[in-house]
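I open a fresh page of the notebook here. I want to go through one model residue by residue and write down what I looked up.

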Amino acid sequence: QVHLVESGGGLVQAGESLRLSCAASGSIVRINAMDWYRQAPGKQRELVATISRGGSTNYADSVKGRFTISRDNAQNTGYLQMNSLKPEDTAVYYCNVDVQSVFKRYPEVWGQGTLVTVSS
């Protein structure tokens, strides 16, 4: 079984930065893609950024140039550096990974989410 724990959320003012972390644990052989999603109140969950095992990245247009996704394969950890935050970035942020464990592949493992609140 694989578990994800996100951390790093909080309350910040517009223009400030936060760094989210996503730590995976369990019988992990390899983590493939790692994604960050977010869900704002009353809205659908949306994909924010994704990173392949090799480091290729993609971003939602709304965060390009402000957010940076990265990962440490040795530590089974992913990060989302968020700069120049805006009030519209307020949401619960979720980590999602495609992971190969000792026993099977789990194409979608979700964390519990971490709340990011940006005040104007």
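In which strand is Tyr-94 found? I looked this up first and placed Tyr-94 in strand E9, which covers residues 91-101. I keep in mind throughout that this is a predicted model.

**Entry on Tyr-94.** I checked the accessibility next: Tyr-94 has a relative accessibility of 14%, and because buried means under 20%, I noted this tyrosine as buried. I then listed what Tyr-94 touches, not counting residues up to four places away in sequence, and found Glu-6, Asp-35, Trp-36, Tyr-37, Gln-39, Arg-45, Trp-110, Gly-111, Gln-112 and Gly-113. For one of these partners, Gly-113, I also looked up the separation, which is 19 residues in sequence and 4.4 Å in space from C-alpha to C-alpha.

**Entry on Glu-6.** The list for Tyr-94 includes Glu-6, and I followed that residue to strand E1, residues 2-7. Glu-6 is buried and yet has no salt bridge, and I found its nearest side chain of opposite charge, that of Arg-45, 7.7 Å away. A salt bridge needs a nitrogen within 4 Å of a carboxyl oxygen, so I looked for other polar partners of this side chain. What does the side chain of Glu-6 reach at 2.6 Å? I found the backbone nitrogen of Cys-95 at that distance, and I noted that the backbone nitrogen of Gly-113 lies 2.7 Å from a polar atom of the Glu-6 side chain. With neighbours within four places in sequence left aside, the contacts of Glu-6 include Ser-21, Cys-22, Trp-36, Tyr-93 and Tyr-94, and I also noted Gly-111, Gln-112 and Thr-114 among them.

**Entry on Leu-20.** I moved on to strand E3, residues 18-26, where Leu-20 lies. Its relative accessibility is 0%, which is why I entered Leu-20 as buried. Beyond its neighbours within four places in sequence, I found Leu-20 in contact with residues including Ser-7, Gly-8, Gly-9, Trp-36, Leu-80, Met-82, Tyr-93 and Val-116. I also looked up Leu-20 and Ile-69, which are 49 residues apart in sequence, with 9.4 Å between their C-alpha atoms.

**Entry on salt bridges.** How many salt bridges does the count come to? I obtained five. In one of them the side chains of Arg-38 and Glu-46 meet at 2.6 Å, N to O; Arg-38 is buried at 6% relative accessibility, while Glu-46 is partly exposed at 35%. For Lys-64 and Asp-61 I found the closest N and O atoms 3.2 Å apart, and I recorded both residues as exposed. The side chains of Asp-98 and Arg-105 meet in a salt bridge at 2.4 Å, N to O, with Asp-98 buried at 12% relative accessible area and Arg-105 partly exposed at 47%. I then traced shared partners, and found that salt bridges join Arg-38, Glu-46, Arg-66 and Asp-89 into one network.

**Entry on the surface.** Last, I looked for nonpolar side chains at the surface. Which residues form a nonpolar patch there? I found Val-29, Val-102 and Phe-103, which together have about 340 Å² of accessible area. I placed Val-29 in strand E4, residues 28-39.

Technical notes
Residues are numbered from 1 along each chain as its sequence is written. This is a predicted model: local features need pLDDT of at least 70, side-chain atom pairs count only at pLDDT 80 or more; totals for chains, interfaces and linings use all residues. Side-chain values use heavy atoms; hydrogens and water are left out. Helices (H or I, at least four residues) and strands (E, at least two) are DSSP runs, numbered from the N terminus. Buried means under 20% relative accessible area, exposed over 50%, partly exposed in between (1.4 Å probe, protein chains only). Lys and Arg count as positive and Asp and Glu as negative; His and the chain ends are not counted. A polar contact is a pair of N or O atoms within 3.5 Å; within protein, one must be able to donate a hydrogen and the other to accept it, and residues adjacent in sequence count only if both atoms are side-chain atoms. Contact means heavy atoms within 4.5 Å. Patches are made of residues with over 30% relative accessible area and no salt bridge: like charges are joined within 9 Å, nonpolar side chains (Val, Leu, Ile, Met, Phe, Trp, Tyr) within 5 Å. Accessible areas come from the Shrake-Rupley method with a 1.4 Å probe; for residues, only the protein chains shown count as cover.
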